[in-house]
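Got your viewer open? Here's a walk through the chain, one selection at a time, so keep your mouse handy.

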Amino acid sequence: MTDEEPTAPEILDRVADAFFALDDAWRFTYLNDRARELLDRDGEGLRGRVIWDVFPETADTPFPNQFHHAMDEGEDVAFETFYNPIGTWFEVRAYPSDTGLSVYLRDVSERKRRETEADQHAAIVEAVHDGVVTVNADDEIAYVNRAVEATFGVPRDRLVGTPVAALHRVATIDEGSTAALVDALSALRAGEDGERRVEATFEMADESTHVGEVRLVRIPGTDGGGVAGVIRDVTDRREYERVVTSLHGVTRQLYEADTPEEVCAVTVHTASELLDMPVSGVWLLDEERGHLDPVAATAGAHELIGGLPRFGRNEGLVWEAYHGGESALYDDVRAATDVYNPDTPIRSEIIAPIGDHGVLMTGARTVGAFDERDRELAEILAAQAELELDRAERERLLSERETAITRQSERLTALRELLDGEVGDEVDAALSAIEGAVLDPERAAEVQSALARADRLVDDAAELSTARTALGPRTTVNVADAIAAAGENVVDDETVPVAGLSLTADDDATLRADRDRLVKLFEALFRWSPDGRRADVRVGLLASAKARSVADGGYPSGFFVERADASAEWDGERITDPTTGPVGPSIAREIARAHGWEFSTATTPAGTLRFEVSGVTTLDPEVT
């Protein structure tokens, strides 16, 4: 050995690993610099001291067993262990000899940390629902997680090593999607952008077709060759987007609906065909009666529950959702409080308010059939229906306004004709009578009657001109009582030559109307006479086309007023003309229209003219 050659201790001190030697009594005989740095942290020195006395904590580690085995059996040992007092993972190798034990300690904490992280990452990757795949620089699949196996229904050992270009041959992905993946990998490696997204169509293990969004990124440290891909099933999302887009397309169909009934029909059809909600219905509020009426329903709803119920105030979950203004989702209707029918065949239910108009309800036979996505779609459909019902209401109000303006114009024209005609004639007659009364006092009664008729005509003119035909609250009115009240008013009027009134034998009815206006309608027709003569007036019920008469079982659609002295030779169109017709029928016509009824004339079998009020939907016969 030359002076330049290092000694054994010098060589050991240069070793990066810790090294120490023990004699056969377990005393330290040598420690290199790295061993002293790790083990002799207090600087008191370890040579000559027994390892088990210095480090009693090793009793719970593999050190005692492994070292004793090496010494007793004369065999080399190697193991890894974590030494908690200094927070370090060691790779330990011990070599026995006749004089003791030589030990090498290598700090492998960083490797163990990386391995632990890798294990954690691998566990996470295996646990996620998304598919994870890695591709090597040769565009071969290097790794897939369990989600990919489940998605394609192919074991991973068949996928690993497969070129991406041949993926469609071993998996259920279609050929076009395979080509798109190959192009995306090439573009990813050639471009600066570190990410590419591709949509792939594939079949699940259950043979259902799904859409997957594949997100490709470069793997750091692989010189751009390695690529990782995450496959996310976006079938539901794509279907949701399609449905939402289609729902917006339904707006055109709803806009083309002219009536609330048509809007509701389109709504339930959309719920059934587009949203796959075959048991659906729409209820709208009847403001007059204060309940929710069924307006439209799918065939599935009728088949499942038969006739749709009407919901009164505070009745059932439907009214609760309408009153609260918030949609409701019930996984099990029977478990809900305030259910309308505890034995309902419907188990799951969504109720979505249509603004102030009513509600959209959809149900299913099974528990838990709907989720929040279904609820959101029902809300979107209900919101669209609300917009179109608002539009229909605005158009109805505009039409009514235009009609009201037209009627007001007609009333003013009628007033002008009345003042120029009947009132003027009566005033002229009164003046003539007054002039004659100066010479003949016995004509004073004639003067008084003429002035009374003129005064009544002025009142009638005011009735037309001031639009007092507008309705007050509607109540249930007995038709016979209204006729009797009108008859008394007319008979008490000495200026009107009416002998008496009669009602069709044994027929009576009730209807919902403004009673004062209805009495006024009858009065206007009872007072009117084509030639001023006294005559009987006959009133009866109109039967619908279901039967020839109410007595034969036909449902009444209105009523008629017939004067025995009104010959069919009178021009019915002229009598009901809003500008040239007489004031009595004009007033009756306005009151009927205000109620939403039709007013017309007809010829009886006997050849007389009668006035008919039809389209009275609330008329209810009372056969005695």
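## Stop one: charged pairs

Select Arg111 and Glu91: these two form a salt bridge, with their closest N and O atoms 3.8 Å apart. Arg111 sits in helix α5 (residues 109-127) and Glu91 in strand β4 (residues 88-96), so the pair ties together parts that are 20 residues apart in sequence. Arg111 counts as partly exposed, at 26% relative accessibility. Keep in mind as you click around that this is a predicted model.

Side chains of opposite charge can pair when their charged atoms come close. Where else does that happen? Try Asp139 and Arg189, another salt bridge, whose closest N and O atoms are 2.4 Å apart. This one links distant parts of the chain: Asp139 is in the loop between β6 (131-135) and β7 (141-144), while Arg189 is in helix α9 (residues 175-190), 50 residues apart. Arg189 counts as partly exposed, with 27% relative accessibility. Now add Glu80 and Lys112 to your first pair: salt bridges that share partners join Glu80, Glu91, Arg111 and Lys112 into one network.

Next, pick Arg34 and Glu37, whose side chains meet in a salt bridge (3.0 Å, N to O). Both are in helix α2 (residues 33-39), three residues apart, which is about one turn of the helix. Arg34 is partly exposed at 22% relative accessible area, and Glu37 is exposed at 53%. Across the whole structure, a search finds 22 salt bridges.

## Stop two: a buried charge

Jump to Asp514, in the loop between β18 (509-513) and α18 (515-527). Asp514 is buried but has no salt bridge, and the nearest side chain of opposite charge, Arg517, is 4.8 Å away. What does the side chain of Asp514 reach at 3.2 Å? That would be the backbone nitrogen of Asp516. Show the surroundings too: not counting residues up to four places away in sequence, Asp514 touches Leu471, Gly472, Pro473, Arg474 and His595.

## Stop three: the nonpolar core

Now select Leu511, Leu518, Leu521, Phe522, Phe526, Phe559 and Trp597, the residues with the most contacts inside the largest nonpolar core, which has 34 residues. Elements giving two or more residues to this core include α17 (479-492), β19 (535-543) and β20 (556-567). The largest share, seven residues, comes from α18.

Zoom in on Leu518. Leaving aside its neighbours within four places in sequence, Leu518 is in contact with Val477, Ala482, Leu511, Ala513, Phe559 and Trp597.

Then hop to Phe611 in strand β22. Is Phe611 buried or exposed? Phe611 counts as buried, at 3% relative accessibility. Draw a distance from its C-alpha atom to that of Val539: the two residues are 72 apart along the chain, and the C-alpha atoms are separated by 9.6 Å.

## Stop four: two loop residues

Select Asn314, in the loop between α12 (299-305) and α13 (316-324). Asn314 isn't a glycine, yet has a positive phi of about 65°. Asn314 is exposed, with a relative accessible area of 63%. Now go to Asp338, in the loop between β13 (328-330) and β14 (348-354). Asp338 has a positive phi too, near 65°, and is exposed at 52% relative accessible area.

## Last stop: zoom out

Show the whole protein chain: 20 helices and 23 strands. Of its 624 residues, 44% count as buried. Turn on the surface to finish: the accessible area is about 32,800 Å², of which 48% belongs to carbon and sulfur atoms.

Technical notes
Residues are numbered from 1 along each chain as its sequence is written. This is a predicted model: local features need pLDDT of at least 70, side-chain atom pairs count only at pLDDT 80 or more; totals for chains, interfaces and linings use all residues. Side-chain values use heavy atoms; hydrogens and water are left out. Helices (H or I, at least four residues) and strands (E, at least two) are DSSP runs, numbered from the N terminus. Buried means under 20% relative accessible area, exposed over 50%, partly exposed in between (1.4 Å probe, protein chains only). Lys and Arg count as positive and Asp and Glu as negative; His and the chain ends are not counted. A salt bridge is a side-chain nitrogen of Lys or Arg within 4 Å of a carboxyl oxygen of Asp or Glu. A polar contact is a pair of N or O atoms within 3.5 Å; within protein, one must be able to donate a hydrogen and the other to accept it, and residues adjacent in sequence count only if both atoms are side-chain atoms. Contact means heavy atoms within 4.5 Å. A nonpolar core is a set of buried Ala, Val, Leu, Ile, Met, Phe, Trp, Tyr and Cys residues joined through side-chain atoms within 4.5 Å. Accessible areas come from the Shrake-Rupley method with a 1.4 Å probe; for residues, only the protein chains shown count as cover.
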